[in-house]
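Trainee: Could you walk me through this structure and show me how to read a few of its features?

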Amino acid sequence: MQNPLGYEKESSLLKKFAIPSIISMLVSSLYNIVDQIFIGQGVGFLGNAATNVAFPLTTIALAIALLIGIGSASLFSLYLGEKKPERSSSIAGNGISMSVLCSVIYVVLVLVFLEPLLKSFGATSTIMPLALEYTRITTLGVPFLITTNVISNLIRADGSPKYSMICMVAGAVVNTILDPLFIFGFHMGVAGAAIATVAGQVISFFIAAWYIKSFQHIEFNKKSLRISLKDTKEMATIGMSASLNQIAILFVQIVLNNSLTYYGQFTKFGSDIPLAACGIVMKTNAILLAIIIGISQGMQPIIGFNYGAQKYERVKKTFKLAISANLVVSFIGWALFQFCTSTVLSIFGSGDANYFEFATMFMRIYLMLVCIDGVQMLSSSFFSSIKKAYLGMFLSMTRQVLFLIPLVLILPKFFGLNGILYAAPIADFVAFVVSVICILVEFNKLSELEKSRKTNSL
């Protein structure tokens with residue numbers, strides 16, 4: 001049976017794959033956003049600050065999930081395009097087994113080194129007790145979080161994006177119902193939010209795992225679950241750019257948190273207000289990023305399959321459509337952040353005048369050029385999908401590691417807190433320029449490959 005990825009209209013395919021993927025990513029973001037809203041209303045801004053310093057642990061878990069999930073799904077699609085279903089099967093099984101193994105190791109390490117980790121993430125003495133209470137529970141849900149994300153990516157690559165979406169939506173619904181019940185009904189505070197989060201992750205995992213026995217385009221069996229070092233290396237190479245992007249976000253969070261607490265102490269805002277405001281702004285922006293990542297994940301199986309099948313014009317057209325959709329969504333997000341700032345911030349609970357003053361300033365300046373942010377992310381994913389992992393890795397590091405972190409460390413020495421805020425739009429612009437140059441060069445190569453393919457087919 002011919003795979004529709006190779007012949008259906010590109011715009012129809014992108015809608016079919018991207019929309020469920022966007023919903024899935026939005027739902028994943030809701031785990032943190034819903035917690036933030038209910039904690040803000042029930043505990044206060046110190047509770048939000050506690051979840052902010054705990055958030056890097058989730059970022060690391062997502063980095064592991066993307067390393068394995070995107071790597072497995074990309075190779076899965078490429079081998080299907082090359083008409084090698086048996087390789088796709090072994091890649092899928094290897095990815096699932098590695099997700100279980102890596103997540104268990106991660107949980108053990110986090111629980112052993114939890115307090116020093118939270119200190120390195122910027123936890124102050126005021127915030128530490130709440131952060132410990134929250135993370136000791138959420139860490140137990142990490143194996144379900146990582147494995148669900150990996151299986152979800154494989155389900156999408158297998159041509160079932162709606163089922164992949166259902167996995168995430170079900171968990172989010174459970175989390176949203178239990179959050180107010182535990183926080184307000186049982187007066188459990190941040191611990192209640194953590195328990196609700198883990199409960200949702202467990203539900204999502206079991207729904208995702210149910211699909212394993214019914215893959216459409218491969219024959220999956222117990223032999224497929226064997227761990228192969230060769231497959232793992234190939235998978236990690238492809239998934240590295242998406243993973244590095246999350247690791248880069250982690251380093252940005254650590255540098256930001258520590259810089260904000262340090263330079264904040266010399267201002268009227270103090271150390272805790274900048275930390276709490278940063279958590280709100282970053283998690284609000286995570287909603288926009290979730291949509292962009294959803295578009296990226298939606299285009300991945302289409303681009304991967306058609307590149308493997310040497311249909312280069314379809315590869316280019318799919319990427320152009322994805323970029324166009326991203327720019328529209330990003331501009332809407334930018335407009336909300338710039339012109340509806342107070343409304344957005346008020347959703348996350350109350351605070352004094354200084355808190356709202358800094359949070360408003362942070363959101364408007366830090367997200368000043370968020371409208372072009374997605375170009376770098378989609379470009380990085382594009383190169384990973386066509387098996388040019390090293391270029392994808394480079395682009396994934398440009399905005400966060402090569403530009404933003406150095407700017408966050410250097411600019412505040414001259415401009416204080418304002419230097420931290422303006423570092424982001426500068427990094428956004430430079431990363432955008434680099435990404436556009438790389439894509440234009442690659443598109444010229446794809447055009448030449450298409451001409452050569454047509455000549456050889458005559």
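Trainee: What follows α14, and what is its phi?

Mentor: Helices here are DSSP runs of H or I with at least four residues, just as strands are runs of E with at least two, and they are numbered from the N terminus. After α14 comes lysine 387, which has a positive phi, near 70°. Bear in mind that this is a predicted model, in which local features need pLDDT of at least 70 and side-chain atom pairs count only at pLDDT 80 or more, while totals for chains, interfaces and linings use all residues. Residues are numbered from 1 along each chain as its sequence is written, and side-chain values use heavy atoms, with hydrogens and water left out.

Trainee: How many residues of α14 are buried?

Mentor: Buried means under 20% relative accessible area, exposed means over 50%, and partly exposed lies in between, with a 1.4 Å probe and protein chains only. In α14, 13 of the 13 residues are buried, so this helix is largely enclosed by the rest of the structure.

Trainee: Which side chains meet lysine 317 and aspartate 231 in salt bridges?

Mentor: A salt bridge is a side-chain nitrogen of Lys or Arg within 4 Å of a carboxyl oxygen of Asp or Glu, and by this rule the count comes to 10. Lysine 317 meets glutamate 10 at 3.9 Å, N to O. Because lysine 317 lies in helix α11 and glutamate 10 in helix α1 (residues 10–42), the pair ties together parts that are 307 residues apart in sequence. Lysine 317 is partly exposed at 41% relative accessible area, whereas glutamate 10 is buried at 9%. Glu10 and Lys317 also belong, with Arg314, to a network of salt bridges.

Aspartate 231, for its part, meets arginine 87 at 3.0 Å, N to O. That pair links distant parts of the chain, with aspartate 231 in helix α9 (residues 229–264) and arginine 87 in helix α3, 144 residues apart. The side chain of arginine 87 also forms a salt bridge with that of glutamate 234, at 3.4 Å, N to O.

Trainee: Is leucine 101 buried, exposed or partly exposed?

Mentor: Leucine 101, which lies in helix α3 (residues 85–112), has 42% relative accessibility and therefore counts as partly exposed.
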